[in-house]
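Q: Please give me a close look at the cavities in this structure and their linings. After that, carry on to the strands and helices, with the cut-offs for each term as you go.

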Amino acid sequence: MNTSDTTPDASDTSAAILPGEHLHALRSALHGPVILPGDPEWDDARRAWQLLVDQHPVAVVVPADVDDVVATVLAARKLGLRVAPQSTGHAAGTVDSLADTILLRTSALDTVEIRPATASARVGAGVSLGAVADAAAQHGLAVVAGMAPSVGAVGFALGGGLGWLARSHGLAANSILALEAVDAHGRVLRIDETHHTDLFWAARGGVAPVVVTAIEIRLYPIAEVHAGALMWPLERAADVAHAWREWTADIPDSVTSLARVLRYPAIPEIPEFLRGRSVVAVEAAVQADAATADALVAPLRALTPEIDTIHPMSPAELGAVHGDPPQPAPARGKAILLSEISAASVDAFMDAALAPSSAPLLSIELRHLGGALRAGSGTGGAVSTIDGEGLVFAVGIVPVPEAHEPVRAAALEVVHRLRPHAAPRLVRNFAERPVAASDLYDEPTLARLRDIAAAWDPDRVIHVGHPLG
């Protein structure tokens, strides 16, 4: 690609040409659309999956290919703008501001190539986890995916990636084999264990001072799991939570599970048998044959759940177990990492989940970590393990503006009550608003990440969430 022929020249600042005029000219250089304020598509183009985030970039570019990404980065440099890559916008709230920023929506980079011979896949930056899981399942393979199939596969993996195969296969970042990217100078790169190894290390911790256009990831030969939920009336919550805690102490790493309190709103979208109810639930995914899975789940079934949906399924069906909304939603959540799942920490979790102050929240969950997430299990990225045994995430829906403050305060109160049991760091993908870099990385890791970011993007052209400061 000859960028001098296709990229508008903004070097002559004496001409006093407004950036908007250069962005209009950028349209002729790209195969994909450039959408500007005032265009009929503007509101749809800038809208994130996280509907509470009101994004106001200077323009939205939807690149059709890598050449479009190159042209956009070069144009942004000349105009003194930044470029913010975004797939679905689930993590849109982690970017502090889009002022003087082109929002680069990667949705059109949506190809998935499954490579059965090497048990791997090439995944475009606009592909959802659900699409990767579906494609892999056709070959008897599974991807290390999260619990919401609508999340972008690339952003999920770069941010660590914690899901149903976590205790057996670790973070999704550990399954990244290579990245294809465009750097802040418009250069197209392949990043892997032998090419730009500093970037490869940094990207597997969520800090990639480049625009990632595709990743190559490892897949796993898992054709079937036994998964689903067990539910009891809310008054059983404490007994169930402690029974689950005792159960997790002995289960193998092939089992990933969580306990949660759910308060379902009385709306038509909720199944009638749950509408308006509050319940305690245990969700689990078991990699085992039917007899072994039944034996593993038996202690929980002995508690006589009112609802039992655990059954054999393809790994591609795991996305439905957690019940995340399939459409964009206005939600607010907050998380805290626990150093251990103990009787005391579960008591604190129950106190927080059952407190009247938690009434505005839809879900308060405690995920069992450990296994392949523990220190020493990773593959050498900036973040390859999680230094904690449990993750609490509290979230509520904000259907009207008046509901935002009660939900925010309720989620904050849950975290406050659990502070005495907190681990030192946060989990990047569960921090929905910008947090201090020291909350995500230890000091040596942070220092190295800052050096890499400064070397590759000293002008901070690439704008991503959770800035390093």
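A: Let's begin with the term itself: on a 1 Å grid over the protein atoms alone, a cavity is a set of points where a 1.4 Å probe fits but cannot get out, and its lining residues have an atom within 4 Å of a point. Grid points are joined across faces, edges and corners, and volume means the space filled by probe spheres set on them. Please keep in mind that this is a predicted model, in which local features need pLDDT of at least 70 and side-chain atom pairs count only at pLDDT 80 or more, while totals for chains, interfaces and linings use all residues. Residues are numbered from 1 along each chain as its sequence is written, and side-chain values use heavy atoms, with hydrogens and water left out.

There are 3 cavities of 30 Å³ or more in the structure. The second largest holds about 60 Å³ of space. Its lining is made up of Leu129, Val143, Val144, Ala153, Phe156, Ala157, Ala172, Ser175, Ile215, Ile217 and Arg218. By class, that lining has 9 nonpolar residues, 1 polar and 1 charged; here Ala, Val, Leu, Ile, Met, Phe, Trp, Tyr, Cys and Pro count as nonpolar, Asp, Glu, Lys and Arg as charged, and the others, Gly among them, as polar. Two elements, α6 (153–158) and β9 (210–218), each give the lining at least two residues. Such helices (H or I, at least four residues) and strands (E, at least two) are DSSP runs, numbered from the N terminus.

For comparison, the largest cavity encloses about 150 Å³. It has 15 lining residues, with Ala133, Ala145, Gly146, Pro315 and Leu318 lying nearest its centre. In this lining, 12 residues are nonpolar, 3 are polar and none is charged.

From the lining of the second largest cavity, β9 leads us on to a neighbouring strand. β9 pairs with β7 (residues 176–183) in the antiparallel sense over 7 bridges; two strands count as paired if DSSP finds at least two bridges between them. Asp183 faces Val210 of β9. β7 is mostly covered, with 6 of its 8 residues buried. Buried means under 20% relative accessible area, exposed means over 50%, and partly exposed lies in between (1.4 Å probe, protein chains only). β7 has another antiparallel partner in β8 (residues 188–191), with 4 bridges, and there Glu180 is bridged to Arg190. The hairpin of β7 and β8 has 4 residues between the strands, and its Gly186 takes a positive phi near 80°.

What does phi look like in residues other than glycine? Most of them have a negative phi. Asp100 departs from that pattern with a positive phi near 55°. Asp100 sits in the loop between β3 (82–86) and β4 (101–105) and is partly exposed at 48% relative accessibility. Ala119 also has a positive phi, near 50°, and belongs to the loop between β5 (112–115) and β6 (120–124).

Next comes β11 (residues 255–263), where 9 of the 9 residues are buried, so the strand is largely enclosed by the rest of the structure. In a regular strand the side chains alternate between the two faces of the sheet. Val255, Ser257, Ala259, Val261 and Arg263 point one way from β11, whereas Thr256, Leu258, Arg260 and Leu262 point the other way. β11 pairs in the antiparallel sense with β12 (residues 278–286) over 9 bridges and with β16 (residues 363–368) over 5 bridges. Leu258 has a bridge partner in each: Glu283 in β12 and Arg367 in β16.

Finally, here are two helices. In α13 (residues 443–456), Thr445, Leu446, Leu449, Ile452, Ala453 and Trp456 are buried. These buried residues cover an arc of only 125° around the axis, which puts them on the same side of α13; the arc is taken from the directions from the helix axis to the C-beta atoms. Glu443, Pro444, Asp451 and Ala455 are exposed on the other side of α13. α4 (residues 66–79) is mostly covered, with 10 of its 14 residues buried, among them Val69, Val70, Leu74 and Leu79. The end C-alpha atoms of α4 are 20 Å apart, which agrees with the 20 Å expected for 14 residues at 1.5 Å a residue, the expected span being 1.5 Å times one less than the number of residues.

Conventions: 1 Å grid on protein atoms, 1.4 Å probe; cavity = no way out; pocket = protein on both sides within 12 Å on 5 of 7 lines; lining within 4 Å.
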